[in-house]
Amino acid sequence: MIGPGSSVLVNTSRNGVKVPRCFVLTVSSLASNPLQLSATADEVPAIINSDPPITNLSQRPVLQPKESIPPEFLYTLRSPQGKVCVRASLGVEYMVRENKKKYYFNVNPSFTRVRGECGSQKSVFSLEFDGGHLEFTFIKEGDLSYAYVGVVNHEKLFKAKNGLSFQCKSQTTLILASYFGVKLVPLQIQAFDLNNEAFGKEVECWDDYNKRMIPIILGAVAAAVCLIAILTYVLVRERRNQGYEQL
């Protein structure tokens, strides 16, 4: 049980589950006091200017017992020459589960800055706030690009062809451990080949595709059923009429 003044090191294992090593959770009070996330991985070597109006990085996130929609913001990562190499529009919400209860906190764009490095085949994009960060590593491989998040490097995320952006209006959930995860909603992100610093044509995520296509498919099925019913009625009626004429 997490209690006042206790800490959970998220670089070990818990109940046999390997936990990401890039976060340390220090909890004073789950309901009202700050949750601190401290990076233990190496710092990203290049510090890049960010576009958000950073005024203060000292406001730490606070765990809340109820979920709320995280504020969406447009973040950009620029090379030392000032060229945008990563562009991301998203809201970020962290989830912590303890004793079958969930607690949340939203990343505040006003107290978040962008750090990272730009490369032709690999770019690192990190959203940093007081006590922690969320990091994406983008890889360009042939005509495709994709991302890893933190140490979750077994799953390719946000896959899109070069010059296109990945978009998901539905909720994107990244499970980092059985008791720790991140929600991104909504999400549009692109690394490499940005034309005039703008998003390329959108690549739709599966959840959005299903939400858009399922009503169309159901409507088509309903229309087909109605058409079959009408045709069946007409054929039966014609057969009955033909039977009367033979008599």
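**From the annotated helix to the disulfides**

UniProt, in an unreviewed entry, lists residues 213-236 as "transmembrane region". The model shown here is predicted. In it, residues 213-236 are 100% helix and 0% strand. The C-alpha atoms at the two ends of this stretch lie 34 Å apart.

Helix H1 covers residues 206-246 and includes Val221. Val221 joins Ile217 and Val225 in a nonpolar surface patch. Together the three have about 260 Å² of accessible area. Val221 counts as partly exposed because its relative accessibility is 46%, and the cut-off for exposed is over 50%. Cys226 is also partly exposed, at 47% relative accessible area.

Now the disulfides. The structure holds 2 of them. Counting bonded cysteines along the chain, the pattern is 1-2, 3-4.

Cys85 and Cys118 form one disulfide, with sulfur atoms 2.0 Å apart. It joins distant parts of the chain, 33 residues apart: Cys85 sits in strand E7 (residues 84-98), and Cys118 in the loop between strands E9 (113-117) and E10 (122-129). The angle about the S-S bond is -65°, a left-handed link. Cys85 is buried, at 11% relative accessible area, whereas Cys118 is partly exposed, at 29%.

Cys168 and Cys205 form a disulfide too, with sulfur atoms 2.2 Å apart. This pair also links distant parts of the chain, 37 residues apart: Cys168 lies in strand E14 (residues 165-168), and Cys205 in the loop between strand E17 (202-204) and H1. The link is right-handed, with 65° about the S-S bond. Cys168 counts as buried because its relative accessibility is 3%. Cys205 is buried as well, at 5%.

How values were computed
Residues are numbered from 1 along each chain as its sequence is written. This is a predicted model: local features need pLDDT of at least 70, side-chain atom pairs count only at pLDDT 80 or more; totals for chains, interfaces and linings use all residues. Side-chain values use heavy atoms; hydrogens and water are left out. Patches are made of residues with over 30% relative accessible area and no salt bridge: like charges are joined within 9 Å, nonpolar side chains (Val, Leu, Ile, Met, Phe, Trp, Tyr) within 5 Å. Accessible areas come from the Shrake-Rupley method with a 1.4 Å probe; for residues, only the protein chains shown count as cover. A salt bridge is a side-chain nitrogen of Lys or Arg within 4 Å of a carboxyl oxygen of Asp or Glu. Helices (H or I, at least four residues) and strands (E, at least two) are DSSP runs, numbered from the N terminus. Buried means under 20% relative accessible area, exposed over 50%, partly exposed in between (1.4 Å probe, protein chains only). UniProt positions are given in the numbering used here, feature names are shortened, and annotations may be inferred rather than shown by experiment. A disulfide is a pair of cysteine sulfur atoms within 2.5 Å.
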